[in-house]
Amino acid sequence: MSSKRAILRQIRQNAPPASDLPSLESDWLRFDDPCAQFMEAVEQVGGRAIRVRDLAALNTSIASLQVTQDAKKIVSILPDVGRNDVRLSEVDRPHALEDVDVTIAGGELAVAENGAVWVSGAEIEHRAVLFLCQHLILVVSTAAVAHNLHEAYDRLTGLGLVGRNGGADQDELEPHQSGQYQSGQYQSGQYQSGRAIPLAASSYGLFISGPSKTADIEQSLVIGAQGPRTLTVLLVDALNS
Amino acid sequence: MKHAQAAAEFIADPERAHWHDQALWFVRAKRDKAAQAVPEWEQLRQVASQIKAHTMGQLADYLEQFDARASALGVVVHWARDAGEHNRIVLQILQQHQVRHVVKSKSMLTEECGLNGHLEQHGIEVVDTDLGERIVQLRGEHPSHIVLPAIHIKKAEVGELFHQRLGTDAGATDPKYLTEAARQHLRQEFLRADAGITGVNFAIAETGGFVVCTNEGNADLTASLPKLHIACMGIEKLIPRARDLGVFLRLLARSATGQPITSYSSHFHGPQPGGELHLVLVDNKRSEILASSDFGRALHCIRCGACLNTCPVYRRSGGHSYGATIAGPIGSTLNPSHDPGAYPTLPYACSLCGSCSEVCPVKIDLDHQLFTWRDRLVRQGLVPWWKRVSMRALGLVLRSPNIYRLTGWLTRNVGRHLPRWLLYNRLNVWGRQREIPPLPKKTFAELYAERGPVASRGTQSQGEGSQLDEGRRLGESGAGEADRENRDVQ
């Protein structure tokens, strides 16, 4: 008998009594001003949050950051945002990105509760560039700020704001063929609050909350463990203009 | 080794034991603050507990669903009945790819299976990349805590270790400097690795994906630089829906370290472009433990470490005193479930204070399980003879009012005059670190009789009642608990 069959048979024999899967609908934590709360949360987890009006202000702000001024090598995954010194499509191995000083990437979602920004790997040629860089800059629209993590996952799983009332069926979401998602939507500025971002459509995606850190030596918090030493999140009010 | 003996080694250095205790209490306090900042905290715990209970009831179905969805995403799914099979599978994958050098992010499962040793025996170099794990690895030790692997090590010791192994300045102990040295060292390891191994925090049945949480970002470097990624998980890590992550990720980091979420919560759905992703599902007795109505709920554990941080015994005895991969209250129930004969003293490494159950984000009834384990161990004859004899004697005394009164009289009237050598000899294990409190002259029954009939003391008993309430309130608040803690130490 294969191990799989043996394990499954034993689990079925030993399964505890069945019980219901609880509903996740509830009045979860909300904030009067989620953007302000998000910015505060980013600072609390060791990052820096800056709010700007539009694309022009965004570029001015990025150019004025110390980390970009000092940077020799910047990778910007967002067209028209910041400077880009490397064409990721021409890079064979991510190892070549070892000396990147600053990476600029787009976040599709932000979570007010914990200062986390969702970054989808679908848009990034070599995901290691998010971690090899010394400093990370994330750009996210104020319209993309969710109050809490439940709301964030509703959007990530395609429930969006509509589905909360039972509009979308979970089982209809076929992870490997959810065609609604097209990489590049962010770049074309089509992002709208509540747009579905099917989680499994990309082989990689993550919440980033603050810079890389550790407290493994005597519980002393040290910022800059293996990944980026700093995280700057730029919240943009009117990303499309 | 018995827990008490191993703990004796740890507390032989009282200063270190106290420092360890304080460091963990600091983490526990941060957890309290984070939990209290979430108004629906108790609701989250309840929902998390229900999700886990539901999943365990249908675990086989969910595993099949997960296997199918993950395979459809291009993940190669393997099943391992035990630690040996897990290690063979991982080794085989690595050998097929001619891997010589592996980087690994934190995985308690691979610790449980002894993967590092197995790979090293076959000539594969394994580098743990979590800073704490790298420290214990360089020291030739194992983690003493599931979230804070090097919590038992002082910075001066890390400084000395890094001086010898990584060439840092002699005598340097600044955590910032040492962390920077580890960063430079580990970066080279990431860059030269042929494969990366990670653990799994949560696997999602409906999508076939899984989530890995770190603060350092080491799991992402591990899974992004080499083309080959192997993820190892126990079968109990499954959750039904992606949306369930909203519940668990809100609980995990707050319970573990008091952070609102870990720095990185990475979701893997299939291999990276041009890469290969293998996932090993490991049983290793979990499907047996599932059958137990007493101890099966220990499989709900999400490995946050909150029960370790709060446990008065863990904090004062250190993780290595448990002699197992998982220490603390959760380890004290899980390890005997794996092998009661090998860990018969762990359920006694507990004061039954119940704090572990209070902080557990998935509401595992840890203190009840440890209590139940003691019953089980006695029935299985797995406790030492002197404990069996003394418990039988105590049973005799407590069953008979006459013997009870006689024993009390003897203790009060003869006991106080006994010489120390007779009271505190080798048989009195309890008295090794403790003094018997001063013996009262009168019994409770005598004192009670002296106070006269209850009816005549209406006002007095009211006063007592409010005092009781006061005590209860104090006991519930954090301050009260800290007070109790302090008394405990004295």
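Tutor: Two strands count as paired if DSSP finds at least two bridges between them. The model discussed here is predicted.

Student: Which residue stands opposite B:V102 in β4(B)?

Tutor: Strand β2 of chain B, residues 101–104, runs parallel to β4(B) and is joined to it by three bridges. Because two bridges are enough for a pair, β2(B) and β4(B) qualify with their three. Across from B:V102, the residue in β4(B) is B:A195.

Student: In what order do the strands of the open sheet of six strands in chain B lie?

Tutor: In general, strands of a sheet pair through backbone hydrogen bonds, either parallel or antiparallel. In this open sheet the pairing is parallel. Its edge strands, each pairing on one side only, are β1 (76–80) and β3 (125–128) of chain B, and neighbouring strands are turned by 20° against each other on average, direction ignored. From one edge to the other, the order is β1-β10-β7-β4-β2-β3.

Student: How many bridges join β7(B) to strand β10 of chain B?

Tutor: On one side, β7(B) pairs in the parallel sense with β4(B), residues 195–198, over four bridges, and B:G196 has B:H229 as its bridge partner there. With β10(B), residues 276–282, the strand also runs parallel, and B:C232 stands opposite B:V280. The number of bridges between β7(B) and β10(B) is seven.

Student: Why is strand β7 of chain B described as largely enclosed by the rest of the structure?

Tutor: In a regular strand the side chains alternate between the two faces of the sheet. On one side of β7(B) lie B:L228, B:I230, B:C232 and B:G234, and on the other B:H229, B:A231 and B:M233; all are buried. The strand, residues 228–234, is therefore largely enclosed, the number of its residues that are buried being seven of seven.

Student: At what angle do helix α9 and helix α10 of chain B pack?

Tutor: Two packed helices are described by the angle between their axes and the distance between the axes. Here α9(B), residues 155–165, passes α10(B) in a left-handed crossing. The contact is made by B:K155, B:V158, B:G159 and B:F162 of α9(B) and by B:P175, B:L178 and B:A181 of α10(B), which divide into five nonpolar, one polar and one charged. The axes are 10 Å apart, and the angle is about 35°.

Student: Which helix of chain B gives the most to the side that touches chain A?

Tutor: The contact takes 67 residues from chain A and 82 from chain B. By class, the side of chain B has 39 nonpolar, 26 polar and 17 charged residues. With eight residues, the greatest contribution to that side comes from the helix at residues 41–57, α3.

Student: Which residue of β9(B) stands opposite A:L206?

Tutor: Strand β8 of chain A, residues 204–208, and strand β9 of chain B, residues 264–268, run antiparallel and are joined by five bridges. Opposite A:L206 in β9(B) is B:S266.

Student: Over which residues of chain B does pLDDT stay under 50?

Tutor: The mean pLDDT of chain B is 92, and 92% of its residues reach 70 or more. Where pLDDT is low, the predicted coordinates should not be read in detail. In chain B, the stretch under 50, for which the model has five contacts beyond four places in sequence, covers residues 460–490.

Key: Residues numbered from 1 in each chain as written. Chains lettered and ligands numbered in written order. Predicted model: local features only at pLDDT ≥ 70, side-chain atom pairs only at ≥ 80, totals over all residues. Buried ≥ 20, exposed ≤ 12 C-beta atoms within 10 Å, placed from the backbone. Helix = DSSP H or I, 4+ residues; strand = E, 2+ residues; numbered from the N terminus. pLDDT = per-residue confidence, 0-100. Contact = placed C-beta atoms within 7 Å. Nonpolar A, V, L, I, M, F, W, Y, C, P; charged D, E, K, R; others polar. Axes fitted to C-alpha atoms, helices over the stretch in contact; angles between N-to-C directions. Left-handed = near helix turned anticlockwise from the far one by under 90°.
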